[in-house]
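Trainee: Could you take a close look with me at a single part of this model, the open sheet and the helices that go with it? I would like to see how the pieces fit together.

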Amino acid sequence: MPDITLADCGRLFAALHYCVLVHDADTKEILWANQAACDVLGFTLDEMKPLKAPDMSSNARQYAREIGVSWLQRAVDEGTSAIEWCYRSKSGVDILTEAIAARVDLEAGPVVMVQFRDIAEEKATRRDLFRTEGRLQAFLRNLDEGIVVLDDNGRILFASESAGALLSTDAGALLGETFTRFLDPESAEVLRAVLDTTSQSGLPSNRRFRLSTSGEDSRWFAVRCQHIDIENDLRGRLLLFHDITDRVRAEEEHRRDAQYLNHLARYNAMGDMAMAIAHEVSQPIAAAHNFVAGVRRRLDAGRTEREPLSWGLKNATLQIDRAAQIMSSLRHYVVRLEQSEQAADLNDIVADCAYFVDIRARENGVALRWEPTSEPLPVRCEKVLIGQVVMNLAFNAVEEMARWPAETRTVTVATRRSGAYAEVMVRDNGEGLQAFPSGQIFDGAFSSKDSGNGIGLALSHRIITRHGGRIHAVENLPRGAVFSFRLPLIVGETADRSHSTGHT
């Protein structure tokens, strides 16, 4: 390979894209510049040689001549010195550069060679990156959602500050920790299964997990999981999680509320059953007691005619059989208390309630009219709860009509199909809705009855709305009120009619 000559060195310098200036080590005057420096600054070499720092540097204070001289002197004293320097071109354009000065000992004496390059675009890009990073950091700090990346063993490779806040620790302290240690054993096992099944295609898995704390302070998180691979720099399972403790507690409260609602409705239903037992069973038992007492009197009087004794015992037996039938009917009702939501014909539910409504109506001298539709009305519901609503509305209507003259005491219970809904209507001819302040019929705070507290209508409202239906009241012109409710009809299911008893 041939030796590189001085001329070759000149050609090499001329080919450099880096700008090069050569200063005298003592006076700091410009001795030489390569073509790249002349092109960038817009000066010829002859124009550049007599220039001083103020002639070719920015006017800003940090680029004053004494600062530039000091920088070049450090290179003389220490060998090299770097600085961010803003040159000014012949046309007056400021050029921000990264400049490195180095002492070079030539045969003629020491010089300072300065290499510089334009970094204005790079600087702007760096500022944009810093600004973007700052914004991302601010977003991550203020996220309600925590972010962690786990390796194949479940160890945390990355954690956002919000993740640390949700887990009540510092984000830096999470690195290297096993994420499952923050969860209760059951949730930890579920997460391991999620991590095992989360494919590398990035399909998310959604679950909820509970922290290892217990009792009332227990906290829940909703977690989404997917695989990530960022240029082989960050690879693993990305978990996005946020606190849903309030939602879980609200759901638990809703479940407790629903259980209480069921309990209250069943409690009321048992009260209706007890009323039926007290009213109905007492009559045949009393009659049977009278027949048996008559037989005893005849025996005590020495009258042993076969026919009168047989007649008394036969009728006592019939009354006892009647009491047994009543108890059998009530036993079917008790069985239905334990049934959950199922498909049923709303006509059958109303028919099952007729027995109890008839008892209340007879007690109050009220005539009942039953007007069921001839077509089936299949709905999905808890039969006992809906039956309780039917009886509550009917009982209210009966008790309202008991205050009016006997010839006007009529209550009508009807069913019909209304579009996509099955509807039950209870009509009376009483005072109407004027006794109810506007908007307070179903809120449980008002009752038109002297001894009432309005809870029955409020309970009915909650039962119907929980079933996706609607309950309302309107005036029954020319007099009275119509209380009705509707439930969504179902298609493609067979209603359970196994316990229908029919109208009494």
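Mentor: Let's begin with helix α13, residues 383-401, which lies across β12, β14, β15, β16 and β17. Its direction makes an angle of about 175° with β17. Keep in mind as we go that this is a predicted model.

Now for the strands themselves. They form an open sheet of five, and if you walk through it you meet them in the order β12-β14-β15-β17-β16, with mixed pairing. Have a look at the two ends of that order: β12 (367-371) and β16 (470-475) are the edge strands. Each of them has a single partner strand, so one side of each is left without a neighbour in the sheet. As you step from one strand to the next, the twist averages 15°.

A second helix belongs in this picture too. Helix α12, made of residues 346-364, packs on the sheet and touches β12, β14, β15 and β17 (481-488). The direction of α12 makes about 175° with that of β12.

Let's zoom in on one pair of strands. Strand β14 covers residues 410-418 and strand β15 covers residues 421-427. These two pair in the antiparallel sense, over seven bridges. To find your place within the pair, look for Val413, which stands opposite Val426 in β15.

So, to put the part back together: the five strands make an open sheet, helix α12 packs on that sheet, and helix α13 lies across β12, β14, β15, β16 and β17.

Technical notes. Residues are numbered from 1 along each chain as its sequence is written. This is a predicted model: local features need pLDDT of at least 70, side-chain atom pairs count only at pLDDT 80 or more; totals for chains, interfaces and linings use all residues. Side-chain values use heavy atoms; hydrogens and water are left out. Two strands pair if DSSP finds at least two bridges between them. Helices (H or I, at least four residues) and strands (E, at least two) are DSSP runs, numbered from the N terminus. Axes are lines fitted to C-alpha atoms, for helices over the stretch in contact, and angles run from 0 to 180 degrees between N-to-C directions. Contact means heavy atoms within 4.5 Å.
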